[in-house]
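Let's take a friendly walk through this fold, strand by strand and contact by contact. Keep the viewer open as you read.

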Amino acid sequence: FFGDWYITRAIAGGLPLNTVISTDAFAECLQNHPATFEGRVLLAPTPTTHDARYTQQILDFVKRGGNAIFYGSLAGAPQPLLNALNIQTSAPIEGNLDVTLNLAEDTFESKPAKRPLRHRVRDSDGGITETLAQKTEPATRVKITVAKGKERRVYAVVREPKNSRGGKIAWIRGTLPFEVTPDSL
């Protein structure tokens with residue numbers, strides 16, 4: 001449920017998504033017409049351990065120079081995906097979280113007030129569990145972190161894995177910062 005809400009809100013907010021394909025059709029197209037995805041950025045919900053073949057197909061696409069973005073919790077994700085992102089999971093954090101951005105931001109005449117990110121476990125596919133597996137690995141660029149007290153978690157990361165011919169893999173955790181109710185639709 002979280003993934004559907006999250007990507008719907010991203011598209012409604014301006015995410016430039018122009019094509020949707022099922023995992024089966026993706027596999028067939030990748031095998032029979034691999035040039036179809038050249039110059040494209042794949043966007044996919046985080047797969048589970050049951051999606052090992054699909055996960056490997058996307059990781060192979062990145063190794064051949066492609067770009068892919070995953071979204072959602074990595075708790076329960078296949079180990080090859082965690083390795084590719086340089087992520088491990090630990091105890092979850094939730095509630096009002098401090099956000100630190102390491103990316104280009106809009107500039108304003110006066111700095112906006114700092115506001116916490118409200119991460120509700122029930123509506124956001126569990127707590128935020130992701131941390132770096134190797135903290136000083138040079139191919140890993142942490143773009144967003146969240147913290148509650150001294151507990152810090154990775155919220156978005158970009159990597160250019162070794163031997164990927166320039167391909168990149170990215171991931172963003174995502175949060176639904178509102179309470180889902182029967183009237184939410």
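## Strands and their partners

Strand β4 (residues 95-101) pairs with strand β7 (residues 140-148) in the antiparallel sense, over four bridges. This is a predicted model, so treat each value below as computed from predicted coordinates. Within that pairing, T100 stands opposite T145 of β7. On to the next neighbour: β7 is also joined to strand β8 (residues 151-159), by eight bridges, and the two run antiparallel. T145 has a bridge partner here too, namely V154 in β8. Taken together, T145 faces T100 in one pairing and V154 in the other.

The hairpin of β7 and β8 has two residues between the strands, and G149 takes a positive phi near 65° there. K148 lies in strand β7. It counts as partly exposed because its relative accessibility is 41%. If you would like a sense of scale, K148 and E28 are 44 Å apart in space, C-alpha to C-alpha, and 120 residues apart in sequence.

Elsewhere, β1 pairs with strand β2 (residues 67-71) in the parallel sense, over five bridges. A44 of β1 stands opposite F70 in β2. The covered face of β1 carries L42 and A44, while V41, L43 and P45 make up the uncovered one. This fits a general pattern: in a regular strand the side chains alternate between the two faces of the sheet.

## Aromatic contacts

How many aromatic pairs are there in the model? The count comes to five. In one of them, the rings of F37 and F61 have their centres 6.4 Å apart and their planes at 85°, so this pair is edge-to-face. The contact links distant parts of the chain, with F37 in the loop between α2 and β1 (41-45) and F61 in helix α3 (residues 52-63), 24 residues apart. Both F37 and F61 are buried. They belong to one aromatic cluster together with F26 and Y54.

Another ring has a charge for company: the charged end of R173 sits over the ring of F2, 5.7 Å from its centre.

## Salt bridges

Side chains of opposite charge can pair when their charged atoms come close. The structure holds six salt bridges, including the three in this table.

| Salt bridge | Closest N to O distance |
|---|---|
| D123 and R120 | 3.2 Å |
| R173 and E130 | 4.0 Å |
| E151 and R153 | 2.9 Å |

Let's start with R173, the residue met above at the ring of F2. Its side chain meets that of E130 in a salt bridge. The pair links distant parts of the chain: R173 is in the segment after β9 (168-172) and E130 is in strand β6 (residues 128-132), 43 residues apart. Are these partners buried or exposed? R173 counts as buried because its relative accessibility is 0%, and E130 is buried for the matching reason, a relative accessibility of 0%.

In the bridge of E151 and R153, E151 counts as partly exposed because its relative accessibility is 41%. R153, in contrast, is buried, with a relative accessible area of 5%. Salt bridges that share partners also join R120, R122 and D123 into one network. Within that network, D123 is buried, with a relative accessible area of 6%.

## Surface and backbone details

A nonpolar patch on the surface is formed by I11, L15, L17 and V20, which together have about 340 Å² of accessible area. L15 lies in the loop between α1 (2-12) and α2 (23-32). With a relative accessible area of 33%, L15 is partly exposed.

Most residues other than glycine have a negative phi. Two residues to look at with this in mind are N86 and R165. Phi of N86 is near 60°, a positive value, and N86 is placed in the loop between α4 (79-85) and β3 (87-93). N86 counts as buried because its relative accessibility is 5%. R165 has a positive phi of about 55° and lies in the loop between β8 and β9. Unlike buried N86, R165 counts as exposed, because its relative accessibility is 69%.

Technical notes
Residues are numbered from 1 along each chain as its sequence is written. This is a predicted model: local features need pLDDT of at least 70, side-chain atom pairs count only at pLDDT 80 or more; totals for chains, interfaces and linings use all residues. Side-chain values use heavy atoms; hydrogens and water are left out. Two strands pair if DSSP finds at least two bridges between them. Patches are made of residues with over 30% relative accessible area and no salt bridge: like charges are joined within 9 Å, nonpolar side chains (Val, Leu, Ile, Met, Phe, Trp, Tyr) within 5 Å. Accessible areas come from the Shrake-Rupley method with a 1.4 Å probe; for residues, only the protein chains shown count as cover. Buried means under 20% relative accessible area, exposed over 50%, partly exposed in between (1.4 Å probe, protein chains only). Rings of Phe, Tyr and Trp (its six-membered ring) pair if their centres lie within 6.5 Å; planes under 30 degrees apart count as stacked, over 60 as edge-to-face and the rest as tilted. A charge sits over a ring if NZ of Lys or CZ of Arg is within 6 Å of the ring centre and within 35 degrees of the ring normal.
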